[in-house]
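Me: I'd like to walk through a structure with you, one question at a time. Could you keep the cut-offs explicit as we go?

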Amino acid sequence: MQSDEQEIRQLVATWMAASKTGDVETVLSLMAEDVVFLQPGQPPMRKVDFAAAAQAQSGQEAPRIEGTSEIQEIQVLGEWAFMWTKLTVTVTPPGGSPSITRAGHTLSILMKEKGMWLLARDANLLSPVSKPET
């Protein structure tokens, strides 16, 4: 049996792999029904909003999403856990350019439901990464 921390690390790895392959259903399965995403300058986003945005892209050629997530800390408190990560995400639209890279930290709250860890709240503090001039 995996430890809670190992299960949470696997959730992050699964999320990143599913994002890279465009597997929206897998990403949605890793979220609690009442998940809330917080991003600077944006209204809170809920699961239904996330799903709608993903489905809007599915009718067209989807952008390529690649990223890295470096978990800095995980704390498990019974059926709840929190973690903070250093995250870098590059989104390349269909056709190849220009790619947009954002990086920063996230603070996530997870809950254990029916024996499975799910993302419940996520504060995403990513900001654009400027590219060096050539």
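Me: In the hairpin of E5 and E6, which residue takes a positive phi?
Reply: Happy to help, and one note before we start: this is a predicted model, where local features need pLDDT of at least 70, side-chain atom pairs count only at pLDDT 80 or more, and totals for chains, interfaces and linings use all residues. Residues are numbered from 1 along each chain as its sequence is written, and side-chain values use heavy atoms, with hydrogens and water left out. Helices (H or I, at least four residues) and strands (E, at least two) are DSSP runs numbered from the N terminus. The hairpin of E5 and E6 has two residues between its strands, and the one with a positive phi, near 55°, is Lys114.

Me: How many bridges join E5 to E6, and how many join E4 to E5?
Reply: Two strands count as paired if DSSP finds at least two bridges between them. Strand E6 (residues 116-124) runs antiparallel to E5 and pairs with E5 over eight bridges; in that pairing, Glu113 is partnered by Met116. Strands E4 (residues 80-92) and E5 (residues 100-113) are also antiparallel, and the number of bridges joining them is 12.

Me: Which residue in E7 is the bridge partner of Ala103?
Reply: E7 is a strand covering residues 127-128, and its antiparallel pairing with E5 rests on two bridges. The bridge partner of Ala103 in E7 is Ser127.

Me: How many aromatic pairs does the structure hold, and what is the plane angle between Trp15 and Phe50?
Reply: Rings of Phe, Tyr and Trp (its six-membered ring) pair if their centres lie within 6.5 Å; planes under 30 degrees apart count as stacked, over 60 as edge-to-face and the rest as tilted. The structure holds two such pairs. Trp15 and Phe50 make an edge-to-face pair, 6.4 Å centre to centre, with the planes at 65°.

Me: Why does the Trp15 and Phe50 pair tie together parts that are apart in sequence?
Reply: Look at where each ring sits. Trp15 belongs to helix H1 (residues 4-21) and Phe50 to helix H3 (residues 47-58), so the pair ties together parts of the chain whose separation is 35 residues.

Me: Is the pair of Phe37 and Phe50 stacked or edge-to-face?
Reply: Phe37 is buried, at a relative accessible area of 7%, where buried means under 20%, exposed over 50% and partly exposed in between (1.4 Å probe, protein chains only). Trp15, at 17%, counts as buried too, and Trp15, Phe37 and Phe50 form one aromatic cluster. The rings of Phe37 and Phe50 have centres 5.6 Å apart and planes at 20°, so the pair is stacked.

Me: Which element gives the most residues to the largest nonpolar core?
Reply: A nonpolar core is a set of buried Ala, Val, Leu, Ile, Met, Phe, Trp, Tyr and Cys residues joined through side-chain atoms within 4.5 Å. The largest has 19 residues, and Ile8, Trp15, Met31, Met83 and Leu110 touch the most other members. Two or more residues each come from H1, helix H2 (24-29), E1, strand E3 (64-77), E4 and E6. With five residues, the element giving the most is H1.

Me: How many residues apart in sequence are Lys20 and Glu66?
Reply: A salt bridge is a side-chain nitrogen of Lys or Arg within 4 Å of a carboxyl oxygen of Asp or Glu, and the whole structure has seven. One of them joins Lys20 and Glu66 at 3.8 Å, N to O. Lys20 is in helix H1 and Glu66 in strand E3, a sequence separation of 46 residues.

Me: Is Lys20 buried or exposed?
Reply: Its partner Glu66 is partly exposed at 32% relative accessibility, and Glu66 also meets Arg64 in a salt bridge at 3.1 Å, N to O. Lys20 has a relative accessible area of 53%, so the class is exposed.

Me: Which residue forms a salt bridge with Arg121?
Reply: Arg121 is partly exposed at 33% relative accessibility, and the closest N and O atoms of the salt bridge are 3.8 Å apart. The pair links strand E6 to strand E1, 87 residues apart. The partner of Arg121 is Asp34.
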